[in-house]
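Colleague: I have this protein open in front of me and would like to talk it through before I go back to the bench. Could you take my questions as they come?

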Amino acid sequence: LFLAQAQYRLATTTWRDGDLRHGILYLDQAYDNFKLAGQTGEMISCLYLEALLYTNLGDHQQGQKLAEEAVQLSRQAKDRRKEGTSLRRLGIAYAHQNQHGKALELYLEALEIHRQVGDRAEECNALNAIGGALVELGRLEEARNYFLRGLEIAQGIGNDFTVAMLLANYVYYVYIQTGDYQGGLTFLEQQIEQARECKDTSMNFIAARQLTEVLHDLGQYERSLVYAEEALALAELRDEQRNRIDLLSWVGRLQALTGQVEAARRNLIQSRDLALASPEPDTFIDPYFNSAYIAWLFGSPEHWQAAFTQLTGPTAQLRQLKLQIPLAFILDLQARLLLSMNQPAQALRYSSEAIELIKDNQETGNLGHFYYTHYRALRDNGQIDAAFPFLQQAYEWLNSTAQRLTDPYLRESWQVNIHYNQKIRADYSRQAGNSRR
């Protein structure tokens with residue numbers, strides 16, 4: 001029994017760190033040992049967690065099968081608590097197969113059970129899942145209420161992981177996806193003000209962390225830096241080393257983008273070195289990515305080569321984990337570095353793979369930037385006719401995103417301050433001018 005418990009703890013740790021395949025391996029071992037010990041409840045926990053991991057890896061059929069087994073075993077054992085969680089995991093498997101109506105039914109059934117047994121943490125997870133399903137079904141106003149109720153409960157029970165998840169989903173679906181970035185920023189800033197008044201360092205950190213990335217993506221680099229520095233100070237106060245390492249890299253990235261080059265260099269190097277010295281250096285992404293991004297933007301040939309090399313570890317890790325979108329971002333940056341080093345043939349291999357990874361994920365952030373990198377790789381390989389459609393797609397994405405930004409000030413900031421957006425517009429204007437002549 002002790003061995004099974006240790007294997008289950010290993011599974012949850014590796015899952016949180018993003019290593020889904022090792023998580024599955026540990027869960028298989030734990031399940032067998034719990035079965036030998038006659039621990040039915042723990043067997044169910046293994047099944048429904050493994051169902052989630054398979055679903056996240058893209059094996060939706062296996063995820064559904066394991067979740068169905070968990071539901072069946074829960075009912076046989078008359079374990080209502082486990083049944084509720086198993087039903088929600090089954091709903092997730094259906095959602096990943098675009099069966100959102102069926103998923104919603106299962107989430108609502110799970111919510112009722114969670115409330116009956118008084119499991120507030122799982123109630124939050126069900127409310128989040130219901131909100132997501134309602135968004136997919138076009139019922140945004142209903143979704144808003146479920147997200148907010150879940151956020152309120154999660155804060156009340158002090159579950160930071162769930163607070164961060166619900167806050168991010170609420171802001172994304174209710175504000176960002178509809179183009180109301182200013183509304184999302186205002187909501188997050190309100191959360192910070194309330195957290196400061198209540199001395200709630202948890203919500204203060206979570207909201208500041210999220211504001212850092214939203215403002216960065218809008219080209220609001222100075223405002224973003226203020227919140228990054230606040231989040232970093234809170235991570236240090238709370239002695240959260242992993243968050244500290246990630247945020248040092250964000251502070252460094254933003255300092256570079258606001259002209260504070262020497263301070264940026266120190267923070268980026270410190271973040272990268274701390275990540276490399278950690279027990280699990282390959283589980284970090286931000287320290288390597290942010291350092292490489294700044295090297296691409298402001299560096300010289302020797303910096304580009306070093307940046308490309310430091311991305312090989314995270315690239316291999318993401319390939320193993322089959323995390324397609326983070327992998328696509330790193331491959332795209334590697335392609336940019338190779339183009340800077342005048343290695344277009346290699347760059348084309350990386351940009352082609354990135355395009356392949358995002359083709360079924362059209363809501364991926366900065367979608368047009370992938371198209372533009374691929375355009376440049378094709379162009380620099382002499383494939384002019386094949387290149388132009390990707391430039392056109394990048395330009396269309398640029399215009400459609402700008403139109404969705406309802407605040408004129410933020411729209412201008414996004415168009416002017418983000419380096420690639422300027423390049424897309426300039427190259428498209430040049431190409432369109434050439435075609436007219």
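Modeller: What follows goes from the overall fold to the cysteines and then to a few single residues.

Colleague: Fine. What kind of model is it, and how many helices and strands does the protein have?

Modeller: This is a predicted model, and the secondary structure of the protein comes to 23 helices and zero strands.

Colleague: What are the spans along the principal axes, and how does the radius of gyration fit a compact globule?

Modeller: The C-alpha trace spans about 75 × 45 × 45 Å along its principal axes. The radius of gyration is 23 Å, which agrees with a compact globule, because a globule of 437 residues would be expected near 22 Å.

Colleague: What share of the residues is buried?

Modeller: Buried residues make up 52% of the 437 residues. As for contacts between residues with a separation of 6 or more, 59% of them join residues that are 24 or more positions apart.

Colleague: And the surface, what does carbon and sulfur supply there?

Modeller: The protein exposes about 19,800 Å², and carbon and sulfur atoms supply 50% of that area.

Colleague: Changing topic to charge: how many positive and negative side chains are there, and how far apart are the centres of the two sets?

Modeller: There are 43 positive and 53 negative side chains, and the centres of the two sets lie 2 Å apart.

Colleague: I was also wondering about the cysteines. How many disulfides do you count?

Modeller: The count comes to zero disulfides. Cys 124 is in no disulfide, and the nearest cysteine sulfur, that of Cys 198, is 18 Å away.

Colleague: Why does that rule out a bond for Cys 198?

Modeller: A disulfide needs the two sulfur atoms within 2.5 Å, and the sulfur of Cys 198 is 18 Å from the closest cysteine sulfur, in Cys 124, so the pair is too far apart for a bond.

Colleague: Is each one buried or exposed?

Modeller: Cys 124 counts as buried because its relative accessibility is 0%, whereas Cys 198 is exposed, with a relative accessible area of 60%.

Colleague: What about Lys 199, where is it found, and what is its phi?

Modeller: Lys 199 is found in the loop between α10 (181–198) and α11 (201–217), and its phi is positive, about 55 degrees, although Lys 199 is not a glycine. Most residues other than glycine have a negative phi. Lys 199 also counts as exposed, since its relative accessibility is 72%.

Colleague: Which loop holds Asp 239, and what is its phi?

Modeller: Asp 239 lies in the loop between α12 (221–237) and α13 (241–257), and its phi is near 55 degrees, again a positive value in a residue other than glycine. Asp 239 is exposed, with a relative accessible area of 67%.

Colleague: How far is Asp 239 from Glu 105?

Modeller: The two are 134 residues apart in sequence and 41 Å apart in space, taken from C-alpha to C-alpha.

Colleague: Last one, where is Ala 263 found, and is it buried or exposed?

Modeller: Ala 263 is found in helix α14, which covers residues 261–277, and Ala 263 is buried, with a relative accessible area of 17%. Ala 263 and Ala 307 are 44 residues apart in sequence, and their C-alpha atoms are 18 Å apart in space.

Conventions
Residues numbered from 1 in each chain as written. Predicted model: local features only at pLDDT ≥ 70, side-chain atom pairs only at ≥ 80, totals over all residues. Heavy atoms only, no water. Helix = DSSP H or I, 4+ residues; strand = E, 2+ residues; numbered from the N terminus. Rg over C-alpha atoms; globule rule 2.2 N^0.38 Å. Buried < 20%, exposed > 50% of the residue type's maximum accessible area, 1.4 Å probe, protein only. Contact = heavy atoms within 4.5 Å. Areas by Shrake-Rupley, 256 points an atom, 1.4 Å probe, with all protein chains shown as cover. Lys, Arg positive; Asp, Glu negative; His and termini not counted. Charge placed at Lys NZ, Arg CZ, Asp CG, Glu CD.
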